[in-house]
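Here is a structure to walk through at your own pace. Please keep the sequence and the 3D view open while you read.

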Amino acid sequence: MERAIAGGIISSYYRKLQDCLEVDVAVVGAGPSGLLCAWDLARAGKKVAVFERALRPGGGIWGGAMLLNEVALQQEMRPVLDEAGVRCLPAGDGLLTADAVELAAALIYQAVHAGARLFNGVCVEDVIFKDDRVCGVVINWSTVLDANLPVDPLMIGARCVLDAGGHDAHLTERIARKAGVRLDTPTGSVMGERPMWAERGEQATLDNSGPVLPGLYVAGMAANGVRGSFRMGPIFGGMLRSGRKVARLILEELG
Ligand code: 48H
């Protein structure tokens, strides 16, 4: 029996990974923006792989606000919550609250169930960059990187890459520096996130989401980090709208 357990897990995992050596879209980070984008792309029939450095996908959803595991969303997000099967309560001022655990679990389930492959415990440490275009990601086990082991990575080809890696946009910053390229931002580089201003941050998240280099898109807090916009605290409508917008833009590009 032990042989069947181990053999089944090894062959299923490697079948899944092998099938993702070339994908339409590689999503970096399984927070709210990355998960909604992956869900939308997968149900549109695209081959999507999501790489999440942490053991548990869901990014910043789980902890809600200061570990109070509830999140706020604008009332206009109700249809997305309904689609995902997430219940919510009115909170006044045009807002709803939802259970953070239910939202995280629903987005993970919907993305994977729609066909996105999710690799947790896997970090994107670099990208493939050819002819001035990002055309894949370079991955390694998070544990290898955490232990600082001198182990070379593997590569995944992708027609588009999404940096949905959250605050500070570390990956996009590293790509711009290493590739020596100007990003599509007012300064040509990663501008850095600004302090809290919820209304402005929410709108900026949507406005900032999109392509920053050929082949590279940003969404969620990474988009605000790249384009120097305000943060907004534990309100998640902007993250979901950002993921949905980028999915639409990627679908337009890929056809
Ligand atoms: C693999 C990586 C890598 C990498 C990072 O931060 P997230 O939840 O992402 P968003 O931007 O969709 O949502 C932000 C939201 O959770 C939040 O923090 C808000 C609204 N804050 C407002 C405020 O004012 O503070 O998730 C990003 C995920 C995480 O799970 C990381 O572990 C993962 O990306 N990640 N995975 N390779 N190089 N970098």
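Which residue in E5 does valine 71 stand opposite? Valine 71 stands opposite alanine 98 in E5.

Before going further, a word on the source: this is a predicted model, in which local features need pLDDT of at least 70, side-chain atom pairs count only at pLDDT 80 or more, and totals for chains, interfaces and linings use all residues. Residues are numbered from 1 along each chain as its sequence is written, and side-chain values use heavy atoms, with hydrogens and water left out. Helices (H or I, at least four residues) and strands (E, at least two) are DSSP runs, numbered from the N terminus.

**The three-stranded sheet and helix H4**

Strand E5 (residues 95–99) pairs with E3 in the antiparallel sense over five bridges; two strands count as paired if DSSP finds at least two bridges between them. The open sheet has three strands in the order E3-E5-E4, with antiparallel pairing. Its edge strands, each pairing on one side only, are E3 (70–74) and E4 (89–92). On average, neighbouring strands of this sheet are turned by 40° against each other, direction ignored.

Across E3 and E5 lies helix H4 (residues 100–113), which runs at about 75° to E5. Angles here run from 0 to 180 degrees between N-to-C directions, and axes are lines fitted to C-alpha atoms, for helices over the stretch in contact. Contact means heavy atoms within 4.5 Å.

Which residues of H4 are buried? They are Ala100, Glu102, Leu103, Ala104, Ala106, Leu107, Ile108, Gln110 and Ala111. Buried means under 20% relative accessible area, exposed over 50%, and partly exposed in between (1.4 Å probe, protein chains only). The cover over these buried residues includes H2, E3, helix H3 (78–84), E5, strand E6 (117–120) and H9.

Histidine 113 also has its place in H4, but this residue is exposed, with a relative accessible area of 57%. Histidine 113 and alanine 42 are 71 residues apart in sequence, yet 8.9 Å apart in space from C-alpha to C-alpha.

**Helix H2**

Helix H2 covers residues 32–43, and its end C-alpha atoms are 17 Å apart, in agreement with the 16 Å that its twelve residues should span at 1.5 Å a residue. The expected span is 1.5 Å times one less than the number of residues. H4 can be checked in the same manner: its 14 residues reach 20 Å from first C-alpha to last, close to the expected 20 Å.

Eleven of the twelve residues of H2 are buried, leaving the helix mostly covered. Serine 33, found in H2, is buried with a relative accessible area of 4%. Leaving aside residues up to four places away in sequence, serine 33 touches Ala164, Ala219, Gly220, Met239, Ser242 and Gly243. After H2 comes glycine 45, with a positive phi near 95°.

**Strands E7, E8 and E9**

Here are three antiparallel pairings side by side.

| Strands | Pairing | Bridges |
|---|---|---|
| E3 and E5 (residues 95–99) | antiparallel | five bridges |
| E7 (residues 122–130) and E8 (residues 133–141) | antiparallel | eight bridges |
| E8 and E9 (residues 154–163) | antiparallel | four bridges |

Isoleucine 128 has glycine 136 in E8 as its bridge partner, while isoleucine 139 is partnered by leucine 154 in E9. The hairpin of E7 and E8 has two residues between the strands, and there aspartate 131 takes a positive phi near 50°.

Is aspartate 163 buried or exposed? Aspartate 163, whose place is in E9, is buried, with a relative accessible area of 1%. Beyond residues up to four places away in sequence, aspartate 163 touches nine residues' worth of neighbours, among them Val28, Ala169, Leu171, Thr172 and Tyr217. Proline 211 is 48 residues from aspartate 163 in sequence and 9.9 Å away in space, C-alpha to C-alpha.

**Helices H7 and H9**

The axes of H7 (residues 198–208) and H9 (residues 237–254) come within 8 Å and cross at roughly 10°. H7 and H9 are therefore roughly parallel to each other, a term for angles under 35 degrees (over 145 is roughly antiparallel, 65 to 115 roughly perpendicular, and the rest oblique). Glu202, Gln203, Thr205, Leu206 and Asp207 of H7 make the contact with Gly237, Gly238, Met239, Arg241, Ser242 and Lys245 of H9.
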